[in-house]
Amino acid sequence: MDVQRFERMTDFAWRLPAQGAMRVPGVIYASESLLRDMDDKVGEQLANVAALPGIVSAAYAMPDAHWGYGFPIGGVAAFDAAEGGVISAGGVGFDISCGVRTLHTGLMEADVLAVQEELAEQLFWSIPAGVGSTGAIRLNSTEMHDMLAGGARWAVGRGWGCEEDLQRIEEQGCMAGADPDAVSDHAKRRQRDEMGTLGSGNHYLEVQKVTEVYDAETAAAFGLRPGQIKVSIHCGSRGLGHQIGTEFLTRMAKTAGQYGISLPDRELACAPIDSPVGQRYIGAMRAGINCALANRQIITHLTRQAFARLFPDVDMPLLYDVSHNTCKLETHEIDGAQRAVYVHRKGATRALGPGHPDLPPAFTAIGQPVLIGGTMGTASYILVGTRESEQRAFSSACHGAGRAMSRHQATRQWRGRALRDELAQRGILVRSPSDRGIAEEAPGAYKDVGGVVESADRAGLARRVARLEPLICIKG
Amino acid sequence: MQAHWEHFEHLADIGVRGYGDTPAEAFAQAALALTAIVTELEAVRPVEQVAVRCEDEDLEYLFVAWLNALVFEMATRRMLFSRFDVQIEAGVLRATLCGETVDRERHRPVVEVKGATLTELAVHSLPEGGWLAQCIVDV
């Protein structure tokens, strides 16, 4: 990207002044080198988002931002319903509420190294992953409705987890305002056999060791010490969320003109928040969030069962569960006043600072854990939300490394089997149904996650707490 | 024109593009491109048939509806398809998909397609003759 197009706000914040159809400026949080390496499409897409009706403050991009469809991946934007603000299916994406949760294990590195192969096999056979995989759970229409209304709370009620888990999930495990009736029969059919499945692409389950602590006090409060073993699960709302995205994207693209919305890009498909289609999407999207929360809860249960076969006394409480692709009605201080706005985060993580009323009691004094996924061969990070993040980007941070290379390029450069062997030599066991899938997700196809996280930290979006490295990775 | 398909680059996802003498032929080729994201086409035996119908007055939206119908059938039937007979008349698309149930050992499926997007969406005739149909699909 041409840095000259931007005004330098700080060493880690860059402003694209409002011009043309833009109603507000664009702001990218990144080091100069990350900004330079970003594709031009990020700036173009950010400018398009800034042109949507009712946008508040600015259109933001996180340090891991890259070319998406409509919104950049790593994009954040808030809209005010009272000012004709819109909700955009393209601003949430197909994988509604895709996110990460991290579990404690009480185990140390040596415990896992002694049984690393067996544990990898147990997990690979316990967690349905990849194309064509199905879960053991079949939902009838009543249960489907209850799942879409209840999220992880429904899953815990069915015995897949415990009440304590719910205290460590955004929205206490259940997104209010979900409207299962706004979810089409097609979307429900797509989900019928997919509960408790990991999916494919960049979705994974990793067994990780804590290798470094940057902030001892916060790390202690989160329960993180070097040498400890954690498990992170990255997946979303599966076929149901994909189908909701598919249906509303087209519907919103076709109806935008009726509401007098001129779309700079069809993929920014949106509708006024207060319109019938906008309200229906919000209800369906919230049901999609609940599907993702339920799905991660069931996978957590399967993970605990797999661990218990090798470690009968293992206790695996949840550290936290946070989503990446959502739109949520939140109250933020904007220009000195409290305003309720619809915050779209597409490939971005909510990062609430200490004292925020939506935080679970355990994190009120500290701030929210912000879970940043790695790339099978590189580190993941745990950060903590900061107070100033509210002013930076409606309390948002990056969500992962961010892709730097296309899938085709990656398969030209790497072979899955060789990559798996190379990672095994480095002590990382990868299990996946597809070697080509491993090549497409090669760690080298992503940005340097360390640089991304450092930018988020230096920009004040969230503060680094700990670094985790993979020992086992189950790829979808 | 010799009907054919190809992929084109997108940073996170992937583009599918079909060429043919008619829009229907280009649509069928793009469907092959979509399947080729998931698996090797040669590995999919066309032993079972599934009928699909979708409609839209706009040819580009019809193309998106077509690919999404294919994604839906792949996902809900746990099938892969390697032959497509497509007919389009007055905004209505009728197709027969030929394929088989996913065999994870034999097909080694790589990645699932979540849906067809409106990004880089284009359906048009070409100056040299024939038709092109393309868009980015989310994987």
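Two strands are taken to pair if DSSP finds at least two bridges between them. In this predicted model, an open sheet in chain A fits that description. The sheet has 7 strands in the order 1-2-3-4-5-13-12, and the pairing is mixed. Its edges are strand 1 (7–10) and strand 12 (325–334) of chain A. Each has a single partner strand, so one side of each is left without a neighbour in the sheet. On average, neighbouring strands of this sheet are turned by 25° against each other, direction ignored.

Strand 5 of chain A has pairings with strand 4 and with strand 13. Strand 4 (residues 55–69) and strand 5 of chain A run antiparallel and are joined by 6 bridges. Within this pair, Ile55(A) lies opposite Phe79(A) of strand 5. The two strands form a hairpin with 1 residue between them. Gly70(A), in the turn, has a positive phi of about 75°. Strand 5 (residues 71–79) of chain A is also antiparallel to strand 13 (residues 337–346) of chain A, through 5 bridges. Here Val76(A) stands opposite Arg345(A), and Gly75(A) faces Lys346(A) of strand 13. Strand 5 of chain A is mostly covered, with 9 of its 9 residues buried.

A helix covers part of the sheet's other end. Helix 10 (residues 276–310) of chain A lies across strand 12 and strand 13 of chain A. The helix runs at about 105° to strand 12 of chain A.The contacts between the two chains come next. Chain B has 39 residues in contact with 47 residues of chain A. The size of an interface is often given as the accessible area lost when the parts come together. Between chain B and chain A, about 3,900 Å² is buried. Carbon and sulfur atoms give 53% of that area. Leu11(B), Arg78(B) and Lys114(B) supply 20% of the area that chain B buries against chain A, more than any other three residues.

Arg78(B) comes just after helix 2 of chain B. There it takes a positive phi of about 55°. Most residues other than glycine have a negative phi. Helix 2 (residues 59–77) of chain B has 19 residues. At 1.5 Å a residue, these should span 27 Å. The end C-alpha atoms of the helix are 26 Å apart, which agrees. Helix 2 of chain B is mostly covered: 16 of its 19 residues are buried. At its start, a side-chain oxygen of Asp58(B) reaches to within 2.7 Å of the backbone nitrogen of Glu60(B).

Arg78(B) also appears in the surroundings of Glu194(A). Glu194(A) sits in the loop between helix 7 (185–191) and strand 8 (204–213) of chain A. Its relative accessibility is 3%, so Glu194(A) counts as buried. With neighbours within four places in sequence left aside, Glu194(A) is in contact with Arg238(A), Gly239(A) and Asn295(A) in chain A, and with Arg78(B) in chain B.

A second loop residue, Gly374(A), lies between strand 15 (369–372) and strand 16 (380–385) of chain A. Gly374(A) is buried, with a relative accessible area of 14%. Residues up to four places away in sequence not counted, Gly374(A) touches Tyr204(A), Ala379(A) and Ser380(A). Leu468(A) is 94 residues from Gly374(A) in sequence. In space, C-alpha to C-alpha, Gly374(A) and Leu468(A) are 8.9 Å apart.

Positive phi values also occur at Glu171(A) and Phe394(A). Glu171(A) is not a glycine, yet its phi is about 60°. The residue belongs to the loop between helix 6 (163–166) and helix 7 of chain A. Glu171(A) counts as partly exposed, at 24% relative accessibility. Phe394(A), likewise a residue other than glycine, has a phi near 50°. Its place is the loop between helix 11 (389–393) and strand 17 (396–397) of chain A. At 4% relative accessibility, Phe394(A) counts as buried. The cut-off for buried is under 20% relative accessible area. Phe394(A), at 4%, therefore counts as buried, whereas Glu171(A), at 24%, is partly exposed.

Definitions and conventions: Residues numbered from 1 in each chain as written. Chains lettered and ligands numbered in written order. Predicted model: local features only at pLDDT ≥ 70, side-chain atom pairs only at ≥ 80, totals over all residues. Heavy atoms only, no water. Helix = DSSP H or I, 4+ residues; strand = E, 2+ residues; numbered from the N terminus. Expected span 1.5 Å × (residues − 1). Buried < 20%, exposed > 50% of the residue type's maximum accessible area, 1.4 Å probe, protein only. Polar contact = N/O pair within 3.5 Å; in protein donor to acceptor, adjacent residues only side chain to side chain. Axes fitted to C-alpha atoms, helices over the stretch in contact; angles between N-to-C directions. Contact = heavy atoms within 4.5 Å. Buried area = accessible area lost by both parts, 1.4 Å probe.
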